[in-house]
Amino acid sequence: MEEKKILQDAIDKIDIICERIIKKENYLTEMPTCVQAVNHACLIILENNQADIEIVPLLEDMMYGMTQQDEVFLLDVLRFGVKEKIKINLDLDKEDNKPEGIYE
Amino acid sequence: MNREIYAKNIESIRKKYPNWATFIEEKEYSFHPHIRVDIDYAKTGEIIFRVSNKGKILYLNGKYNPSYAAIDWLNSIKQIEDFATVVIIGIHDAIHIRNILKTVKPTTNILIYEPSIEVFLKALEEVDLTFLFTENIPIGIVVEGINEKEEKLFFYNMISYDTLTMLKVYLSGNYDKLFPDKVSPFVDELKKHVVEIQKNWNTVVRYTSVNANNIFHNCKYMYEGYSIQSLEHMLPSDIPTIVVSAGPSLTKNIEDLKLAMGRANIIATDTAMKPLLNAGIIPDFFVVVDGLKPGDLFQHKDISRVPMVTMNAISIEPMQLHNGKKFYYRSGSALEMEIIKKALEKDTSSIDVPDLASGGSVATSAYSLGIYMGSRTIILVGQDLAMTGNRTHADGTFKDKMDEIDTKSREYFEIEAIDGGKVLTRMDFKLYLDWFEEQIKAQSWIRVIDATEGGAKIHGAEIMTLKEAIEKNCKKKFNVRYKVSRMPQMFGEKGKEEFLNILEKIPGKLIEVRKKAEIGIHQYEKLEKISKKKQYTQREIEKLLKQIGKTNKYMEEDYMACMVNDSLKGIEAALRTSIYDKKEEARDEMSDIAQNGKLMLQAMQIATDELLELSERTIVPFTKKQREKNVKKER
C-alpha cells in the first residue's frame with residue numbers, strides 16, 4: 001500500500017512539472033521535490049526488479065534535461081520515459097493487490 | 001548523410017523552387033561556424049536533431065516519443081479553421097509539421113519559417129521533406145539564408161484582415177533559445193504585419209462614417225483648387241525641405257526656424273501650424289491628412305497665408321477656415337476619381353491628382369511631399385516620435401501648456417532615445433518611426449537630418465541641432481512662394497464644366513444606387529427562401545446566383561455605389577471576419593450568405609438616403625451658386 005502511494009506521488013509531481021513546462025512557467029522551484037519523489041519511486045522499482053536495466057538511462061536522461069535546461073528533452077523524458085515506467089509498475093502493483101473474486 | 005533521402009528532397013525542391021535546388025547544390029549559402037547540428041535516434045527509431053549554438057546544446061524533439069510533437073499545441077488551440085493561416089517556426093525533423101498537416105483542410109495556408117540554414121540543410125540530408133514541396137495545401141517556406149527576403153511577401157499573401165482572427169503560430173521547442181536573434185525579429189515582423197492590418201482597417205472604419213460627409217462638404221473646393229502634381233520637382237535638389245512636426249521638442253528650437261525662411265522649403269504638419277504662426281514663422285506649405293482633426297488647430301488669422309496640402313476626406317473645418325490655395329492629393333474616394341477621370345478626358349489642360357505616399361501620419365506625408373518636390377535633403381524638426389518630457393505634443397498645439405501623460409499606462413513602452421538613453425513611446429509613434437527608418441534605408445540618395453533635438457533615435461538619420469543643420473544646408477536663397485503664385489489651377493474651363501456636370505448628377509446617381517439595392521434585397525430574400533426549402537434544383541440556384549452576381553458587380557464597380565459602400569466599412573468589417581466561419585451544411589451557409597447580403601444592401605439603402613439628404617445640403621446649393629456666378633461672369 002505504501003509503495004503504491006510513493007509511485008502515485010512521483011507521477012503527480014511529474015505531472016506538475018510537465019504542466020509548468022507546457023505553460024512556460026517556472027518549473028525549477030518544484031524540481032527538487034519531483035526529483036526526490038522520482039528517486040523514491042525508482043528505489044521501489046529496483047527493489048521489486050533488480051534486473052530492470054531501463055531505470056538508470058532514464059534517470060541519466062532526466063538529469064541531462066535538467067542540467068542543460070532543455071525543456072523539450074526534459075518534458076519528453078518525464079512524460080513518456082519516467083512517468084510511463086512508474087505507471088507500468090503502479091499498474092503491476094494494482095494487479096498484484098487485486099482482491100480475489102469468490103467464484104474465481 | 002542519407003544520400004537517398006537527400007536526392008529525393010533536392011528533386012522535389014527542384015520541381016517547385018528550381019533556384020533553391022541550384023543554390024543548395026552549388027553551395028552558394030554561407031554557414032555560421034558556431035552552429036552545429038547533430039542527429040540522434042529516438043527510442044522509437046526516428047531521427048531527432050540536437051543543435052549547439054554559442055555554448056547552448058539543445059534537442060529539438062524528445063527521445064522517448066517524438067511523434068507527440070505539436071500535439072499539446074494542437075490540443076490547446078482546439079481547431080484550425082478553414083482558410084486559417086498557420087505559421088510554423090522550425091522545420092527540423094518535420095514530425096510536428098506532419099501532425100499539424102493531418103488536422104488541416106486544403107484551404108489552410110501554411111507558412112513555415114526556418115531560422116537556421118544549418119538545420120534546414122541537415123533536414124534535407126536526413127528527413128524526408130518531399131511532402132512539403134508536393135502537398136496540395138498552400139505551403140510557403142522561408143529559410144533564413146535562402147529566401148528570407150520573401151518573408152514580407154508571404155505575410156502579405158497569406159495573412160489578411162479576413163483571416164486574422166484565425167491566425168495560429170506554432171513555435172518549435174527550443175528554437176527561441178537557440179536562435180533568438182532570428183526568431184524574435186521574425187515574430188516582431190509578424191506582429192507588425194498584424195498590427196498594420198488592424199490599424200489600416202481601424203482607420204478605414206474610424207473614418208468611413210465621416211468620410212462621405214467630409215467628401216460631400218469638401219469636394220466643392222476642388223473647383224478652384226490646385227494639384228500637388230504641379231509641385232513635382234519644383235525645387236532645385238540643393239534646396240532642402242524642413243518638415244516641421246508638433247513633437248514636444250519643437251518648443252525648444254522653434255525660433256531657429258526663422259533662419260531658414262527663404263532658404264528652404266518649410267512644410268509644416270497641421271498640428272504644428274499654430275505654434276509656428278504664433279512664433280511669426282510662415283511656412284511654405286502645411287499638410288493635413290486627418291478626417292477628424294479639430295478646427296481649433298487652424299483658427300489663426302494667418303492660416304490662409306500658407307498654401308494647404310489637402311485632400312477631400314479631411315475634416316470640414318480646416319477646409320472652411322482656410323481661404324488660401326489648396327493643393328490636392330488623391331483621397332481614393334470613388335467620386336473624386338470619377339471627377340478627375342472625366343475632367344481629364346474632356347480637358348487636356350486639366351491636371352491629374354496623384355497619390356501622396358504616407359506612412360500613416362501627417363509628418364510622413366510631409367516628408368514624402370518634400371522628396372516629391374525635388375529636395376534631396378530632408379531636415380526633420382519636432383519629430384520626436386516619443387513622449388519627450390512625458391508629453392505627446394509641443395506646447396501651443398492642442399493646449400497652450402500640454403498635460404503630462406500617465407507614464408504608468410500600459411500604452412507606453414521604452415525605445416532608444418536620440419541621446420543614447422531611453423524614451424517612452426506608444427505603438428502608433430513606433431510604427432511611424434519604423435516607416436521613416438525603412439524609407440531612409442530604401443532611398444539611400446536622400447539625406448535625412450534629424451534636427452529634433454530630442455525624442456526617439458531615427459536610425460539612418462544624421463543628428464544635428466537645427467541651427468547647425470540650417471547653417472550647413474540652407475545656404476541658397478529660393479522663393480517658394482513666388483513659384484507657387486504662378487501655378488495653374490487643376491481644372492481648366494472645360495474641366496470645371498465637367499466637374500459641375502458630375503456634381504449635378506449626384507442626386508440622380510444616388511437614386512439609381514438605391515433602386516439597385518432594392519433589387520438586390522429581393523434577390524437575397526429569394527435565396528433565403530430557397531435555402532429554407534429542403535429541395536431545390538441546381539438550376540434554380542445558379543440562375544439566382546447569376547442575378548446576385550450582376551447586382552454585386554454593379555455595387556463594386558459603379559462610382560456612386562462605391563461611395564455609398566465606403567460609408568459602410570464598419571458593417572463590412574464585422575461581416576468580413578465571419579465570411580470564413582464554417583457552417584455545418586450548405587443550406588446554413590446559403591442562408592448566411594443571403595442574410596449578410598441583405599443586411600449590407602439594407603444598410604446601403606439607409607446610407608443612400610443619408611447621402612441624398614447630405615448632397616441637398618452641400619453639393620446642390622454649391623453647383624447652383626456656381627452656375628449663377630458663371631452666368632454673371634459671362635455677361
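**Exercise 1. Determine how strands β14 and β17 of chain B pair, and place them in their sheet.**

Step 1. In this predicted model, strand β14 (residues 377-381) and strand β17 (residues 447-450) of chain B are joined by 4 bridges and run parallel.

Step 2. To fix the register, take Thr377(B): its opposite number in β17(B) is Arg447(B).

Step 3. The pair belongs to an open sheet of 9 strands with parallel pairing, in the order β8-β13-β12-β11-β10-β9-β14-β17-β18 (chain B). At the edges stand β8 (226-227) and β18 (462-463) of chain B, each of which pairs on one side only.

Step 4. Helix α14 (residues 362-372) of chain B packs on this sheet. The helix touches β9 (241-244), β10 (265-269), β11 (285-287), β12 (308-310) and β14 of chain B, and its direction makes about 160 degrees with that of β10(B).

**Exercise 2. Describe the hairpin formed by β15 and β16 of chain B.**

Step 1. Strand β15 (residues 412-416) and strand β16 (residues 422-426) of chain B run antiparallel, with 5 bridges joining them.

Step 2. One bridge pairs Glu416(B) with Lys422(B) in β16(B).

Step 3. Between the two strands lie 5 residues. Gly420(B), in the turn, has a positive phi of about 95 degrees.

**Exercise 3. Locate the largest nonpolar core and state which domains of chain B it lies between.**

Step 1. The largest nonpolar core has 104 residues, and Val243(B), Val287(B) and Val381(B) touch the most other members.

Step 2. Helix α18 (residues 493-532) of chain B supplies the largest share of this core, 8 residues.

Step 3. Because domain 2 (225-485) and domain 3 (504-634) of chain B both contribute residues, the core lies between them.

Step 4. Now list the contacts of Val287(B), leaving out residues up to four places away in sequence. They are Ile267(B), Thr269(B), Asp270(B), Val309(B), Val362(B), Ser365(B), Ala366(B) and Leu369(B).

Step 5. There is also a second, separate core of 74 residues; among its members are Ile45(A), Met66(A), Val82(A) and Val87(B).

**Exercise 4. Characterise the side of chain B that touches chain A.**

Step 1. The contact involves 12 residues of chain B and 12 residues of chain A.

Step 2. On the chain B side, strand β3 (residues 56-59) gives the most, with 3 residues.

Step 3. Sorted by class, this side of chain B has 5 nonpolar, 5 polar and 2 charged residues.

Note on methods:
Residues numbered from 1 in each chain as written. Chains lettered and ligands numbered in written order. Predicted model: local features only at pLDDT ≥ 70, side-chain atom pairs only at ≥ 80, totals over all residues. Pairing = 2+ DSSP bridges. Core = buried A, V, L, I, M, F, W, Y, C linked by C-beta atoms within 7 Å. Buried ≥ 20, exposed ≤ 12 C-beta atoms within 10 Å, placed from the backbone. Domains from an automatic or database assignment. Contact = placed C-beta atoms within 7 Å. Axes fitted to C-alpha atoms, helices over the stretch in contact; angles between N-to-C directions. Nonpolar A, V, L, I, M, F, W, Y, C, P; charged D, E, K, R; others polar.
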